Each structure stands twice: as C-alpha cells, then as structure tokens.
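Dear colleague,

I am passing on the structure below, and after it I have written out what was found when going through it. Please read the notes with the coordinates open beside them.

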Amino acid sequence: MTLYQWFIFFLGVQIIHYLGTWRLYEKAGRKGWEAGIPIYNSIVLMKIINRPTWYTFLLFLPVINLIMFPIIWVETLRSFGKNKTIDTFLAIITLGFYIYYINYTQNVTYIADRSLKPTNTAADTVSSLLFAVIVATFVHTYFIQPYVIPTSSLEKSLLVGDFLFVSKMNYGARTPMTAVAAPMVHDTLPIINKKSYNSWPQVPYFRFPGFQKIKNNDIVVFNWPRDTLFNMYLPADKRYDKPIDKKTNYVKRCVGIPGDNLQIKDGIVFINGKELILPERAKPQYAYKIAEDTLVNIDFESYLKEMEITDGARLIARDTIFVNAMTFENAAKMKTISGIKSVTRFISKGPQDGIFPDFEDGKPSVTNNWNGDNFGPIYIPQAGKTVELNKKSLPLYKIIIAEYEGNTLKVVGDDIYINNKKATSYTFKQDYYWMMGDNRHRSLDARYFGFTPEDHIVGKPIFLWMSWDSNGKGINKVRWDRVFTTVNGDGQPQSYFKYFLFALAAYFVGEYFWKKRKAKKTT
C-alpha cells in the first residue's frame with residue numbers, strides 16, 4: 001500500500017472508531033467528538049479504560065497492534081460492566097464490532113474505579129502471556145533479536161550452530177512492512193509449517209536513524225533479495241513473491257558499500273582498485289587441489305582434523321584430493337608436510353553458470369564472461385547517483401529498476417523504456433550493498449544474487465551467546481571457547497563466559513545475604 005492508501009485506511013479506521021464509541025465516551029464523562037480525533041481519541045480511551053497513556057504508542061506499531069486491539073476491545077467493554085466470558089468472546093470474534101451493539105442498544109454505566117486485576121487464575125495467566133509476547137515482540141523488532149547460523153558461508157568467523165544476538169539499532173531499526181503476521185516468528189509457523197503472515201497490507205518502508213553506517217567488512221544480517229521459496233528449509237514448487245521483511249534471513253560480510261567499484265581477481269576482492277584487507281578475525285577460505293607423492297601414504301583425514309577443516313574433502317585422482325575450504329595459513333602448513341608435491345588454489349576460468357547478472361536464465365555468464373573468482377568491475381549503486389543505461393549495462397541494474405525500485409521496464413530494439421519513457425540513464429532511489437561469504441567456493445552470495453537493497457538490511461550481529469557443535473559428544477557439543485564472545489572487534493575473539501558466571505554467582509550470593517539480613521530486621 002502507498003502512503004496515500006494508508007492515509008485513507010487510517011481515516012477509515014478513525015471513522016469506524018468514532019461511530020462505534022462516541023456514546024460510550026459521553027457515558028464516561030467525555031465529549032462525543034473526542035472519539036473522532038485521530039491519536040487524541042486513543043489517549044482519551046486509555047484514560048477511560050484506566051490504562052497508561054503509552055499504550056497509545058503500541059496501537060500504532062505493526063504486528064504489536066494486532067495483539068493490542070483485542071485487549072483494548074475487551075478492556076473497553078469491561079469498563080462499562082460487560083465482563084462476562086460471552087462479552088469477551090463476542091468482542092474478539094466480531095473484530096470489535098460488538099462494541100457497536102453496546103454503543104447503540106445498551107444502557108450501560110461507566111465504572112470509573114473498576115479493578116484491573118484478573119478475576120481468576122486463567123485470566124491472570126492469559127494477561128501475563130499477552131504482556132510477555134508484546135514486550136518480546138517489541139524488543140525483537142526494534143532492539144535485539146536472536147538468530148542461529150545455518151550454513152558455513154562465513155566459516156571460521158561464524159560457525160554452523162552459532163547463536164547470535166543481532167542488534168537492530170546499529171544501522172537503525174526497520175519497522176515491520178508486513179502488517180498482519182504472527183509475532184516472534186519469521187516466515188513460517190513452527191510445527192505446522194504454514195505461512196506465518198498475510199502479504200496484504202504492506203506498510204511503507206521506514207527505518208529509524210541508526211548510530212553507524214555499514215562499512216566495508218562489516219558482518220550484516222539481511223533479507224535474501226532473491227528469495228522466492230515458501231520457507232528456507234523446504235524446496236519450492238513454484239515462485240513465491242515474499243514481502244521484503246519475510247524473505248529468508250541471511251548473514252554475510254559486506255565487502256562493497258554504496259558508491260564503491262568492486263572487482264574480483266583470482267578470488268581476491270578489490271575495492272576502488274585496491275585489495276580489500278580483511279580484519280584479523282576474518283578467515284577467507286578457498287578450494288585447493290593437493291597432490292601427494294604416490295610412494296607416500298598420507299593420512300589426510302588427521303591433518304584436516306588438526307587444522308579444523310570441517311567443510312570436507314574428496315578424492316579426485318589416485319594421488320590428488322580436492323579440499324572445499326582452506327585458509328591461506330592452512331595451505332601454507334600443507335605445503336610443509338612431507339610427501340606433499342603441490343598445494344594449488346583452485347581458480348575458476350571462463351564463464352560460470354548462475355553468475356550475476358545472468359543467473360535468472362540459468363545459463364553461463366554470457367554477458368561478461370564472469371565466474372566466482374574473476375568478476376567485475378562493477379559499480380555498487382548509491383542513492384541519488386546516476387548511471388548510463390545501454391544494452392550492456394542494463395543487465396546489471398534491471399532488477400533494481402523493475403523490482404527493487406518499482407518501475408516498469410521494457411526494451412524495444414536498442415531502446416530502453418522506464419515507465420513508458422525512453423531512458424538513457426537511471427538515478428537510484430536507495431543504497432545497495434555487495435554481500436559475500438568468507439568461504440569463497442561454498443557461499444551463495446552477491447556473485448550469484450546481485451545487489452542487496454538498503455531496505456533489506458536487518459541488523460548487525462554483535463554477540464555470540466552459544467555455539468553448538470552437532471558433531472561433538474557430551475559436554476563437548478558446546479564450543480565453550482565461543483560462548484559469550486563478541487562478533488566484531490580487533491584481535492581474536494575472547495570468551496566472557498567466566499565473567500558472566502562470576503557475576504551470576506555474585507548476584508545469588510548477594511541476594512541470599514540481603515534476604516537473610518532483611519529477615520533479621522523483621523524479627
């Protein structure tokens with residue numbers, strides 16, 4: 001929905017509210033017209049039902065307001081003595097329109113000093129659960145949210161089984177764009193594997209100011225731009241056009257920011273003509289072919305285990321193995337092993353299937369003859385900047401123009417038409433980023449799906465609170481050296497778990513002595 005459509009919808013809701021409650025406002029000692037003033041009517045209603053004024057704020061937050069509306073309907077009825085179970089049921093099942101019936105047909109009396117405490121244990125439990133869901137949804141949406149790493153694309157920096165806290169505030173919290181959705185789940189309801197949202201209506205994109213910009217080498221969580229799956233774990237039987245905020249969550253390293261010129265040469269990323277120097281914590285990995293002396297029987301499995309190479313290896317000849325992911329440091333160690341003849345980094349040559357911008361056709365990269373190791377140069381779009389459009393440059397930006405920025409695009413002969421007007425250039429409406437995995441040959445990243453729009457950015461991973469190794473045994477299933485470590489920063493990660501345990505123990509000891517001292521005072 002556009003801003004204009006939302007404005008009309010908002011006015012419609014205000015009219016519905018006024019027509020259904022103005023008499024109740026008068027019975028509560030207020031003026032009937034107060035029910036018709038947007039926002040102010042909500043503030044007055046909170047006073048009528050004896051709830052805090054800040055509840056009004058929650059009524060305008062997408063998803064959270066879906067929980068708040070039924071609460072307000074029920075609270076309004078109870079403020080006028082309608083507190084039976086049937087009243088609660090009718091309020092919810094009629095989506096609040098039961099209040100119309102009360103407003104026009106019932107001679108109710110306003111109860112100014114009604115008790116706000118639940119009348120029974122069940123009601124108290126439901127009230128507590130609803131409040132907990134509201135608070136959790138608010139925190140998840142606007143402050144911090146837990147995520148789990150499902151793939152090895154950032155292996156060494158982030159491992160499969162890492163549990164992260166992702167800050168929504170660093171880059172600015174994004175308000176939900178999908179207005180009707182289940183709280184605290186993403187695109188799929190657990191257990192039943194059903195869609196967790198309704199695609200309509202969509203709220204216009206809005207992001208609160210952050211306190212930092214995305215920089216080169218930042219690890220970023222974002223919505224996968226080309227996601228057309230029903231959910232990230234089930235195969236797609238057809239294309240699903242998901243809302244932006246319900247696309248699969250991905251985590252990659254941002255190697256290119258808006259305005260950069262990026263090129264990949266033999267697997268090495270260059271930004272604006274200079275090699276991108278990765279931070280110490282980053283461990284880029286590449287595929288290698290390792291050949292051994294045929295007279296030596298090398299125990300490769302032991303060496304790979306010692307080097308913590310978990311992404312597998314396979315035999316491609318009697319004396320040669322292919323390792324999917326190995327760092328430069330481990331490759332250098334391999335070369336020192338007796339019996340190793342050669343350690344050669346695999347570098348793709350010639351056009352590769354599925355490479356951007358030709359991935360949609362499922363054909364080799366015929367436009368530019370690119371592959372995963374040799375790619376570009378390519379300009380990363382910046383909001384307000386203009387690029388020349390022709391048949392050579394159009395493939396790079398056609399998805400931006402037609403899909404991410406909502407224009408009509410068609411090509412007639414050598415002419416390009418945007419919104420039915422002939423175009424020789426295009427000015428970008430938002431920023432874009434280039435996201436790549438450190439595991440260069442085992443990562444579905446920007447080399448395959450292209451640019452990531454700014455409105456797809458979710459947040460910044462800041463803290464790793466748990467790391468679970470599915471291949472470990474017993475207590476070693478937990479990677480203790482990774483528990484309570486920061487994701488970013490200089491030097492190697494350091495676990496703060498022991499400090500957490502110390503603080504926790506100090507809290508319980510302090511609470512014990514405080515209670516003991518308090519008990520002595522009362523006696």
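Among contacts in the protein chain between residues at least 6 apart in sequence, those joining residues at least 24 apart make up 65%. Please keep in mind throughout that this is a predicted model. The protein chain has 523 residues, of which 44% count as buried, and its secondary structure consists of 12 helices and 25 strands. Taken along the principal axes, the box filled by the C-alpha atoms of the protein chain is roughly 95 × 80 × 40 Å.

On the interior, the largest nonpolar core has 45 residues, and the members that touch the most other members are L262, Y397, W434 and F451. Helix α10 (residues 394–404) gives the most to this core, contributing seven residues. There is also a second core, separate from that one, which has 29 residues and includes V74, I134, Y142 and A173.

Turning to the helices at the start of the chain, helix α1 (residues 3–27) and helix α2 (residues 40–48) have axes that come within 12 Å and cross at roughly 35°, and the crossing of α1 past α2 is left-handed. On the α1 side the contact is made by Q14, H17 and Y25, and on the α2 side by N41, V44, L45 and I48. Sorted by class, this contact of α1 with α2 has four nonpolar residues and three polar ones, with no charged residues. The buried residues of α2 are N41, S42, V44, L45, M46 and I48, and what covers them includes α1 together with α3 (55–58) and α4 (64–78). Just after α2, N50 takes a positive phi of about 60°.

Two of the sheets deserve a description. One is an open sheet of four strands, in the order β13-β14-β12-β15 and with antiparallel pairing. Its edges are β13 (313–317) and β15 (340–345), each of which has a single partner strand, so one side of each is left without a neighbour in the sheet. On average, and with direction ignored, neighbouring strands of this sheet are turned by 30° against each other. Between β13 and strand β14 (residues 320–327) the antiparallel pairing extends over four bridges, and within it A317 stands opposite T320 in β14. Helix α9 (residues 328–335) lies across β12 (285–292), β14 and β15, and runs at about 140° to β14.

The other is an open sheet of three strands, ordered β18-β19-β20, where the pairing is again antiparallel. Here β18 (409–412) and β20 (421–422) stand at the edges with a single partner strand each, so that one side of each is left without a neighbour in the sheet. Strand β19 (residues 415–418) is joined to β20 by two bridges, the two strands running antiparallel, and the bridge partner of I418 in β20 is K421. Helix α10 packs on this sheet, where it touches β18 and β19, and the direction of α10 makes about 140° with that of β18; α10 is also the helix that gives the most to the largest nonpolar core. On the other side of β19, four bridges join β18 to β19, which run antiparallel, with V411 standing opposite I416 in β19. The strands β18 and β19 form a hairpin with two residues between them, and G413 in the turn has a positive phi of about 65°.

A last point concerns W468, which is found in the loop between β24 (457–467) and β25 (485–486). Is W468 buried or partly exposed? Its relative accessibility is 40%, and because buried means under 20% and exposed means over 50%, W468 counts as partly exposed. Leaving aside residues up to four places away in sequence, W468 touches V160, G161, F163, K477, V478 and R479. One of these partners, R479, is 11 residues from W468 along the chain, and the C-alpha atoms of the two are separated by 6.1 Å.

With best regards

Definitions and conventions: Residues are numbered from 1 along each chain as its sequence is written. This is a predicted model: local features need pLDDT of at least 70, side-chain atom pairs count only at pLDDT 80 or more; totals for chains, interfaces and linings use all residues. Side-chain values use heavy atoms; hydrogens and water are left out. Axes are lines fitted to C-alpha atoms, for helices over the stretch in contact, and angles run from 0 to 180 degrees between N-to-C directions. A crossing is left-handed if the near helix is turned anticlockwise from the far one by less than a right angle, and right-handed if clockwise. Contact means heavy atoms within 4.5 Å. Ala, Val, Leu, Ile, Met, Phe, Trp, Tyr, Cys and Pro count as nonpolar, Asp, Glu, Lys and Arg as charged, and the others, Gly among them, as polar. A nonpolar core is a set of buried Ala, Val, Leu, Ile, Met, Phe, Trp, Tyr and Cys residues joined through side-chain atoms within 4.5 Å. Buried means under 20% relative accessible area, exposed over 50%, partly exposed in between (1.4 Å probe, protein chains only). Two strands pair if DSSP finds at least two bridges between them.
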